[in-house]
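Dear colleague,

Please find below the structure that I am handing over to you, together with its sequence. My findings follow directly after it.

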Amino acid sequence: ESSAGFSLPTKYKEKISTLPKHHGWRVNADFYHYQGFWCYSFFLEGIMKSQQHFQAQSGDIILSSAPKTGTTWLKALTFAIVTRHHFDDSTNPLLTTVPHECVPFPKLPLLATHLPYTSLPNSIMSSHCKIVYICREPKDAFISLWHFICKLAPQEEEHVPLEAALDMFCKGISQYGPYWDHVLGYWKASLECPERVLFLKYEDLKSDTLHYIKTLADFMGCPFSLEEESEGVVQKIMNLCSFETLSNLKVNKTGMHRSTTPLATKNDVYFRKGNVGDWKNHLTDEMVHRVDQITEQKFSGTGLMF
Ligand code: A3P
């Protein structure tokens with residue numbers, strides 16, 4: 001999700017160079033069209049490798065999302081749930097490590113991806129491992145993504161204007177987009193196989209966090225006991241993973257993610273406002289209408305609503 005324009009010295013380079021291309025939301029970083037979605041070349045190499053070689057185990061839990069829809073929060077919550085017997089309030093790695101570096105974690109079954117459902121490595125399908133998907137209201141996902149892309153760019157780089165970014169987003173040209181197709185892929189899978197695919201919305205998680213933490217624990221096969229519930233364990237996980245707690249930790253204010261790689265990113269870019277409906281502060285009526293119309297068209301008859 002980060003830094004534009006470094007070279008790709010691999011056997012995949014040639015294959016990537018044959019793919020349809022479109023300029024991305026950053027200078028010098030083109031999107032490539034691969035298997036129906038748009039992606040930067042520096043992620044495509046890993047994607048192609050994972051599709052060829054990744055071997056899922058039946059106990060794995062795959063956390064999936066389009067960018068900026070609640071990935072960081074989902075990683076923190078699932079990590080806190082599955083490790084609740086290993087750490088106490090002061091030793092939890094979430095206090096000193098950005099959630100993106102807690103997933104994956106040695107000996108834990110959690111893995112994360114932004115890939116669309118139909119592009120997941122075959123072994124994820126054949127091993128029947130569980131998938132948790134989080135999505136977000138499209139206008140909020142767009143606003144969050146636009147801010148994120150602007151923050152990633154070095155100061156001297158010109159930012160993509162909101163209007164131009166929205167135009168691309170609406171045309172489906174965004175990281176792992178079309179956004180609506182990404183959501184629909186997992187939505188349909190969750191309807192077909194609810195015991196294997198849990199579909200969550202950022203907005204629901206915000207409005208009833210305790211309930212969805214329990215839903216997550218049940219789904220992942222580690223439900224809270226009555227004793228745990230009465231001791232306030234669910235509440236503690238909610239507080240530990242809240243935007244307020246995580247965004248105020250030193251590691252997330254000043255630390256770096258992937259610090260030794262060309263994709264090094266400051267941890268604070270993953271924490272902006274954490275609100276529902278921030279689009280109201282950025283989009284004109286016309287822009288709102290344009291996005292809402294696409295949402296209505298794409299989701300009509302699917303049972304999915306925001
Ligand atoms: P905003 O830009 O609207 O504030 P992702 O984790 O998929 O990159 O998504 C980032 C969005 O989730 C950002 O939204 C960010 O502020 C928000 N976020 C990060 N951590 C969160 C948390 N613990 N609780 C709620 N929202 C969180």
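Three strands form an open sheet in the order E1-E2-E3, with antiparallel pairing. Strand E1 (21–26) and strand E3 (37–40) are at the edges and have a single partner strand each, so one side of each is left without a neighbour in the sheet. On average, neighbouring strands of this sheet are turned by 40 degrees against each other, direction ignored. Please bear in mind throughout that this is a predicted model.

Four bridges link strand E2 (residues 29–34) to E3 in the antiparallel sense, and tyrosine 32 is found opposite cysteine 39 in E3. Across E2 and E3 lies helix H2 (residues 41–53), which runs at about 110 degrees to E3. The loop between E1 and E2 holds asparagine 28, which has a positive phi of about 60 degrees although it is not a glycine. Asparagine 28 counts as exposed because it has 10 C-beta neighbours inside 10 Å, and the limit for that class is 12 or fewer.

A second residue of this kind is lysine 68, a residue other than glycine whose phi is positive, near 70 degrees. Its place is the loop between strand E4 (61–65) and H3. Lysine 68 is buried, because 26 other C-beta atoms lie within 10 Å. Both cases merit a mention because most residues other than glycine have a negative phi.

Turning to the ligand, there are 22 residues around it, of which Thr71, Thr72, Ser144, Arg272 and Gly274 come nearest. Helix H3 (71–82), helix H6 (138–152) and helix H13 (243–248) supply at least two residues each to the shell around the ligand; H3 gives the most, with four residues. Sorted by class, this shell consists of eight nonpolar, nine polar and five charged residues.

Helix H10 (residues 209–219) and helix H12 (residues 233–240) have axes that come within 10 Å and cross at roughly 105 degrees; the two helices are therefore roughly perpendicular to each other. H10 makes this contact through Thr209, Leu210, Ile213 and Lys214, and H12 through Val234, Gln235, Ile237 and Met238. Five of these residues are nonpolar, two polar and one charged.

Finally, there are cis peptide bonds to report. One joins valine 103 and proline 104, with omega about 0 degrees; proline 104 sits in the loop between helix H4 (99–102) and strand E5 (110–113). Another joins glycine 177 and proline 178, with omega about 10 degrees, and proline 178 is in the loop between helix H7 (162–170) and helix H8 (179–192).

With kind regards

Technical notes. Residues numbered from 1 in each chain as written. Predicted model: local features only at pLDDT ≥ 70, side-chain atom pairs only at ≥ 80, totals over all residues. Pairing = 2+ DSSP bridges. Axes fitted to C-alpha atoms, helices over the stretch in contact; angles between N-to-C directions. Contact = placed C-beta atoms within 7 Å. Near = placed C-beta within 6 Å. Nonpolar A, V, L, I, M, F, W, Y, C, P; charged D, E, K, R; others polar. Parallel < 35°, antiparallel > 145°, perpendicular 65-115°, else oblique. Buried ≥ 20, exposed ≤ 12 C-beta atoms within 10 Å, placed from the backbone.
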